[in-house]
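Visitor: I am new to reading protein models, and I would like to learn how to look at a few features one after another. Could you take me through this one?

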Amino acid sequence: MGEVTRRSLLAGAAALGGTAAAVAAPGTASAGQAAAPPAAPAAPPAAPAAPAAGRPPGQGLVTVGPEDPRYPSLTRRGTNARFTGKPARVHVVNTTEQVVTAVQQAVRDGRRIAVRSGGHCFENFVDDPSVGVLIDTSPMRAIRYDAARRAFAVEPGALLGEVYRALFLGWGVSIPAGATAEVGVGGHVLGGGYGTLSRRYGLSVDHLYAVEVVVVDRSGTARSVVATRDPEDPHHDLWWAHTGGGGGNFGIVTCYWFRDPAAKGDDPAQLLPKAPGTVLSSYAVWDWKNLDERAFTRLLRNHGSWYEHNSAPDSPYAGLFSVLMVNARGSGDILLTGQLDAATPGAERLMQAYVDAVGRGVGARPVSGHEETPWLQAVASVQETAPAAFKSKAGYLRNRFTDEQIGAAYTYLAGGAGGAGKEASAGGALWLVSYGGQVNAVAPDATAVPQRDSILKAIYLTSWEAGEAGAPRLAWVRDLYRAVYADSGGVPVPGEVSDGAFVNYPDVDLADPALNTSGVPWHTLYYKGNYPRLQRVKARWDPRDEFRHALSIRPSR
């Protein structure tokens with residue numbers, strides 16, 4: 001049996017750093033998504049990180065310039081090694097007041113602002129050459145229960161693993177968010193936030209009660225504003241924009257408050273979803289040498305069809321999270337991982353039935369297994385990884401890929417086409433990540449996330465080591481993407497099968513008319529019908545367009 005390469009897992013973990021996903025965009029902090037589950041029964045994980053203790057008392061605003069020995073550590077800690085910024089200064093902030101001060105100085109000096117917490121940016125939004133001031137919120141990591149708001153306050157620099165640990169050990173609860181423990185909360189929430197618990201409990205933003213944001217008014221004055229879920233709140237539109245509007249658009253988030261909208265009373269242990277005690281994790285690995293095109297087609301068809309029939313909010317499988325990692329031939333095997341609350345009635349039976357359904361009729365038998373793991377070991381082990389050069393592209397799936405799309409995927413992943421040919425596919429992969437369930441119980445306009453009837457997310461990945469040529473890999477993943485969406489202009493135009501793209505996996509190619517020939521603009525792929533409302537919020541709260549990047553929301557005029 002071949003191995004999934006470390007680099008492909010790194011790229012994939014970054015891409016899922018929702019689990020996945022992680023966007024460190026100006027005006028927010030990093031935004032990750034689901035992370036990569038283990039390729040096989042893993043070695044015992046490192047000890048979970050200690051809970052964030054909050055900022056040191058009395059720590060003032062720190063300003064670092066290019067001559068400061070701290071400068072490389074602050075400018076090169078982005079996950080995507082393709083980009084390194086050269087801002088005139090970096091502000092390391094500890095409080096909302098310090099963020100206001102840093103923003104005010106940048107506005108006064110006419111410098112473009114970017115923000116970083118976890119550093120999981122897929123594009124160069126933070127590291128663009130035009131960025132003059134980088135605001136680093138990583139010290140803002142406090143996690144506490146706010147009795148006055150009956151909600152849990154989380155600062156943007158807190159890592160997901162720290163959030164899970166603090167909420168679970170303190171109150172036995174969690175938020176449905178990404179499975180990459182080292183992703184910063186900052187921008188992760190702004191794109192919606194999804195992960196291992198999302199099919200059961202929805203998105204992170206479905207539990208967002210309030211948000212504190214540093215904004216800049218028309219006169220150029222920076223200030224902080226708290227916006228809540230309360231429809232009567234005069235700042236309610238700012239809250240709504242932060243429930244999936246993406247990073248780098250409206251201001252800098254300095255605190256989130258989370259509370260389940262259906263929660264009653266003031267017992268904090270009842271105000272967010274209960275976290276599992278243990279999780280049942282499974283894996284199944286198919287070796288490429290045992291798969292021809294027929295077997296490959298059957299495998300992907302089975303997988304997609306299963307999700308078509310098991311993604312309703314009331315499905316007995318609503319608690320199942322999985323990733324089908326289709327690594328390119330030569331980069332690894334095809335790996336199916338799954339995770340389910342071990343307390344689910346018949347958990348082992350359900351998991352085995354799922355694995356059997358995906359493999360039925362394929363012909364090749366996978367190497368498979370399962371194990372139970374305590375919740376914190378499964379999600380909260382923060383292990384920083386070295387930056388990797390990668391490119392990620394994405395699309396939502398309302399239904400399984402068509403057979404034509406599966407055929408296009410086989411052509412590229414089997415190593416026979418794309419870019420410079422077989423070598424270009426090295427480090428490449430297509431990952432299909434579970435979606436739907438409770439996510440689809442929310443109306444498309446209730447939050448800024450409009451994709452509320454999808455069943456899967458498709459993630460297209462490539463990566464390369466330092467010193468390797470990136471151009472052939474970039475050409476390969478772009479060609480794969482265009483081939484899969486050949487019938488809709490090379491991009492996942494909303495329709496019967498596709499439903500646009502995921503803003504926390506930003507892809508500047510969608511705004512390139514040479515790569516997007518659909519006639520559908522990039523903002524429709526991300527926001528669909530919610531975009532005009534987001535533009536109005538932008539015009540009200542960032543009228544000077546201080547918070548911007550290549551795919552930022554344009555203010556309405």
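Guide: Let us begin with an enclosed space, keeping in mind that this is a predicted model. The residues lining the second largest cavity divide into five nonpolar, three polar and two charged.

Visitor: Which residues line the second largest cavity, and how much space lies in it?

Guide: The lining is made up of Thr196, Leu197, Arg200, Pro276, Val279, Gly319, Gln339, Leu340, Asp341 and Trp375, and the space in this cavity comes to about 70 Å³. Strand β12, which covers residues 334-341, gives the most to the lining, with three residues.

Visitor: How should I read a helix, and is α11 largely enclosed or open?

Guide: In general, an α-helix has 3.6 residues a turn, so residues three or four places apart point the same way. In this model, eight of the 11 residues of helix α11 (residues 403-413) are buried, so the helix is largely enclosed by the rest of the structure. The buried ones are Gln405, Ile406, Gly407, Ala408, Ala409, Tyr410, Tyr412 and Leu413.

Visitor: Which elements do the buried residues of α11 pack against?

Guide: They pack against α8 (293-309), β11 (321-327), β15 (429-434) and α12 (471-484). Just after α11, glycine 415 takes a positive phi of about 90°.

Visitor: Turning to strands, which residues of β6 lie on each of its two faces?

Guide: In strand β6 (residues 151-154), Ala151 and Ala153 are on one side, while Phe152 and Val154 are on the other, and all of them are buried, so that both faces are covered.

Visitor: Which strand is joined to β6 by four bridges, and which one pairs with β6 over three?

Guide: Strand β5 (residues 143-146) runs antiparallel to β6 and is joined to it by four bridges, with arginine 144 standing opposite alanine 153. Strand β9 (residues 252-258) also pairs with β6 in the antiparallel sense, over three bridges, and there the bridge partner of alanine 153 is tryptophan 257.

Visitor: What should I look for in the loop between β5 and β6?

Guide: A backbone angle is a good place to look. Most residues other than glycine have a negative phi. Here β5 and β6 form a hairpin with four residues between them, and arginine 150, although not a glycine, has a positive phi of about 50°. At 25% relative accessibility, arginine 150 counts as partly exposed, because that class lies between the buried limit of under 20% and the exposed limit of over 50%. Aspartate 545, in the segment after α14 (531-541), also has a positive phi, near 55°.

Definitions and conventions. Residues numbered from 1 in each chain as written. Predicted model: local features only at pLDDT ≥ 70, side-chain atom pairs only at ≥ 80, totals over all residues. Heavy atoms only, no water. Buried < 20%, exposed > 50% of the residue type's maximum accessible area, 1.4 Å probe, protein only. Contact = heavy atoms within 4.5 Å. 1 Å grid on protein atoms, 1.4 Å probe; cavity = no way out; pocket = protein on both sides within 12 Å on 5 of 7 lines; lining within 4 Å. Points joined across faces, edges and corners; volume = space filled by probe spheres on them. Nonpolar A, V, L, I, M, F, W, Y, C, P; charged D, E, K, R; others polar. Pairing = 2+ DSSP bridges.
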